[in-house]
Amino acid sequence: MSTDELIKNLRGIWARAYVRIIGVNREPSWLIFELFFPLLPICAFAFVYKSMNAPSDYLGFVILGGAMTAIWMNVLWGMAAQFFWERESGNLTLYMLCPMPTMAVLIGMAIGSGFSTFFRVIITFMIGKFIFGITLHIASYWWLFVTFMLTIAAVFSLGMMMASFFLLYGRDAWNILTVFMEPVFFLSGFYFPVKTLGYPLGAIASLIPITLGLDAMRQLAFKLGPATAFLPVGVEITILIILTIIYLIGAKYLLNKLEYLGRREGRLTLRWQ
Amino acid sequence: MSIAIKTTELSRSFTGGGEKEAGGLFQALSDVNIEIPEGMIYGLLGPNGAGKTTLIKILSTLLLPTSGEAFVNGYNVDNQYDKIRPIINMVSGGENCGYGILTVAENLWMFAQFYGIPTKTAMERIKTLLEIMNLTDKADVKINKLSTGMRQKMNFIRGFVTEPKILFLDEPTLGLDVNAARETRKFVMDWVKNAVEPKTVILTTHYMKEADEMCHKLAIIDSGKILAIDTPANLKKQEAGGASYNITVGYKEFDANSLRAIPGVASFAHSVSDEDAIIEMIFNLEAGGALAKIIEKLSSEGLSILNIHKKEFSLEDAFIKLVGRRLNGGEAGANEHR
């Protein structure tokens with residue numbers, strides 16, 4: 001790719017990310033839907049642990065897991081379903097028409113979503129921490145930050161892949177998304193350490209990057225984290241990097257296939273099909 | 001003059017849509033051959049489902065042809081779409097694109113970025129286009145607050161911000177009020193006329209007047225086939241046959257059959273107005289039919305001619321003759337005098 005093309009693509013990526021980033025400021029309703037509502041199940045699980053006199057780190061696990069649900073919700077509704085909406089509004093046609101690769105649009109979408117989700121997770125976690133008086137034992141701020149960012153990157157790469165996949169099977173998108181929601185909440189260990197599931201099930205759950213990211217972050221942020229570890233942090237970070245690459249390649253492959261099918265069959269531009 | 005668009009035996013069929021259940025194949029385009037020189041507004045005129053939008057989608061690289069070839073600015077739409085996309089743009093009437101959370105200016109800026117246009121250049125163009133389309137006061141308004149017409153204007157501007165060499169306008173005035181539609185038509189015509197580098201517009205429209213007023217050349221399309229290609233003036237002339245005259249004379253008994261028998265008269269009809277003591281006569285002439293012979297005959301019958309009016313054939317007359325029905329789907333009326 002030439003420098004000129006790179007600059008053009010970066011312009012497109014920034015433009016698409018801008019929609020999401022600016023949206024955070026212009027739609028205060030997210031405070032209710034993406035901050036207050038996720039806090040409710042967090043509180044429910046936290047109260048359960050509290051009534052059982054579980055160690056306070058377990059409350060921390062729940063609060064971190066609950067805060068991270070924002071990422072998954074954003075990936076499902078903001079990434080996977082997004083192309084479906086874009087087609088309905090006519091934006092997808094314009095994306096395909098423009099000289100910039102559609103992959104750049106997808107990356108822009110992911111960056112914009114990742115940016116807004118980043119703050120939502122942190123704010124939700126800080127509110128939960130304040131309400132339940134959680135004490136953190138940070139092993140390494142740097143690696144905690146790296147793990148958090150890698151988790152976001154890996155999950156949104158998966159989201160990019162899902163965006164194309166769901167568009168191919170657009171009519172069933174809503175059902176598939178709903179089916180995906182609860183099993184992922186369970187398998188990812190949002191509200192308990194994933195080690196509890198055992199290694200075979202945990203290994204399957206590791207295909208969802210949030211599982212490993214969450215486990216590694218718990219190890220790095222809480223005193224009891226290493227005791228409940230599924231895999232060592234280093235291994236989990238390595239797998240997250242590998243998953244990010246695989247999902248990005250998968251997203252590119254599916255998007256190319258989708259674009260070709262779209263041009264051949266008219267699926268993407270003719271809404272009646 | 002260079003060729004902006006050329007198609008050879010271009011066909012496109014779909015398995016799907018309403019025909020899917022029957023397992024049928026819907027032929028949207030059949031052996032379309034067109035050649036569009038650059039610097040022209042080229043119209044595609046046809047009823048719903050005629051294949052206009054399918055043709056535009058193929059030319060704008062959104063759809064592959066089933067067979068045949070299409071070239072845009074010399075590039076094949078099949079495998080050179082990456083060379084075509086930077087020089088084209090498309091505006092469809094009634095489209096709902098953009099993001100409601102962004103303002104008009106932001107949406108336009110965003111779409112300009114997808115073409116790699118630097119922000120400064122994009123904002124200058126946006127400012128100018130907003131002024132031309134009388135939308136400057138809405139520049140900072142979120143588009144979910146705009147009326148349908150204003151949103152359509154914004155979409156229209158989006159097509160021009162990238163300064164495309166070839167622009168596809170698919171029913172661009174749909175949803176616009178009369179004044180806005182007039183402004184839009186004028187803007188497109190000026191844009192093509194005053195361009196330093198040749199600009200080409202491919203326009204599909206339902207509005208005969210719009211096609212007649214704007215297009216240098218028109219292709220009439222129906223059921224996926226091109227039925228005629230010519231200038232609007234020639235289409236009207238060729239397809240309508242000879243001229244038609246309305247002649248008003250003072251009331252007097254006369255022999256209608258003798259008027260029908262005048263050489264060159266294809267048909268004759270009349271109506272008598274007792275109140276005004278006049279007779280309205282309609283003469284449809286064959287090509288080359290002579291008005292002079294009619295006047296001579298009327299004078300010899302002792303009828304005093306009060307008024308002679310030549311009826312101008314419209315594009316719709318030509319369309320009805322070619323397609324067999326009106327553009328809005330109705331049948332050619334019984335009062336169509338031909």
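**Figure 1. B:Asn134 is a partly exposed loop residue in chain B.** The model shown here is predicted. B:Asn134 has 13 other C-beta atoms within 10 Å, so it counts as partly exposed. The residue sits in the loop that links helix 4 (119-132) with helix 5 (148-161) of chain B. Look at its backbone. Phi of B:Asn134 is near 55°, a positive value, and the residue is not a glycine. Most residues other than glycine have a negative phi.

**Figure 2. B:Glu171 also has a positive phi without being a glycine.** Its phi is about 50°. Where does B:Glu171 lie? The residue is in the loop between strand 7 (166-170) and helix 6 (178-193) of chain B. B:Glu171 counts as partly exposed, because 19 other C-beta atoms lie within 10 Å. A buried residue needs 20 or more.

**Figure 3. Chain B combines helices with strands.** Chain B has 11 helices and 14 strands. Its C-alpha atoms fill a box of roughly 75 × 50 × 45 Å along the principal axes. Of its 338 residues, 41% are buried. Many contacts link distant parts of the sequence. Among contacts between residues at least 6 apart in chain B, 71% join residues at least 24 apart.

**Figure 4. Chain A is built from helices, with 0 strands.** There are 11 helices in chain A. From the N terminus on, its elements run α-α-α-α-α-α-α-α-α-α-α. The radius of gyration is 19 Å, close to the 19 Å that the globule rule gives for 273 residues, so chain A is as compact as a globular protein of that length. Along the principal axes, its C-alpha trace spans about 60 × 35 × 35 Å. Buried residues account for 49% of the 273 residues in chain A. Of the chain A contacts with a separation of 6 or more, 82% come from residues 24 or more positions apart.

**Figure 5. Helix 3 of chain A bends at A:Asn74.** The bend is about 30°. Helix 3 has 25 residues and reaches 35 Å from its first C-alpha to its last. That is close to the 36 Å expected at 1.5 Å a residue. How many of the 25 residues of helix 3 are buried? The count is 22, so this helix is largely enclosed by the rest of the structure.

**Figure 6. Helix 6 of chain A has 31 residues, 102-132.** At 1.5 Å a residue, helix 6 should span 45 Å. Its end C-alpha atoms are 44 Å apart, which agrees. A:Gly133 follows helix 6 of chain A, and its phi is positive, near 60°.

**Figure 7. Helix 10 of chain A is mostly covered, and A:Gln219 is part of it.** In helix 10, 13 of the 13 residues are buried. The expected span for those 13 residues is 18 Å, and the end C-alpha atoms are 18 Å apart, which agrees. A:Gln219 belongs to this helix, which covers residues 209-221. Is A:Gln219 buried or exposed? A:Gln219 counts as buried, because 24 C-beta neighbours lie inside 10 Å. Beyond residues up to four places away in sequence, A:Gln219 touches A:Gly225, A:Pro226, A:Ala229 and A:Val233. A:Phe230 is 11 residues from A:Gln219 in sequence, and their C-alpha atoms are 9.5 Å apart.

**Figure 8. The largest nonpolar core has 154 residues.** In soluble globular proteins, nonpolar side chains tend to be buried together. Which residues touch the most other members of this core? They are B:Leu59, B:Leu108 and B:Ile202. Helix 3 (residues 56-80) of chain A gives the most to this core, with 15 residues. Now follow B:Ile202. Leaving out neighbours within four places in sequence, B:Ile202 is in contact with B:Ile5, B:Ile36, B:Tyr42, B:Leu44, B:Ile56, B:Leu59 and B:Phe168. Another core, of 9 residues, lies apart from the largest one. Its members include B:Val265, B:Met281, B:Leu285 and B:Ile294.

**Figure 9. Chain A meets chain B.** In this contact, 27 residues of chain A touch 23 residues of chain B. Helix 1 (3-26), helix 5 (91-97) and helix 11 (233-265) of chain A each give two or more residues to the chain A side. The largest share, 10 residues, comes from helix 1 of chain A. By class, the chain A side has 12 nonpolar, 9 polar and 6 charged residues.

Notes
Residues numbered from 1 in each chain as written. Chains lettered and ligands numbered in written order. Predicted model: local features only at pLDDT ≥ 70, side-chain atom pairs only at ≥ 80, totals over all residues. Helix = DSSP H or I, 4+ residues; strand = E, 2+ residues; numbered from the N terminus. Rg over C-alpha atoms; globule rule 2.2 N^0.38 Å. Buried ≥ 20, exposed ≤ 12 C-beta atoms within 10 Å, placed from the backbone. Contact = placed C-beta atoms within 7 Å. Core = buried A, V, L, I, M, F, W, Y, C linked by C-beta atoms within 7 Å. Nonpolar A, V, L, I, M, F, W, Y, C, P; charged D, E, K, R; others polar. Expected span 1.5 Å × (residues − 1). Bend = angle between axes of the 7 residues up to and from the residue.
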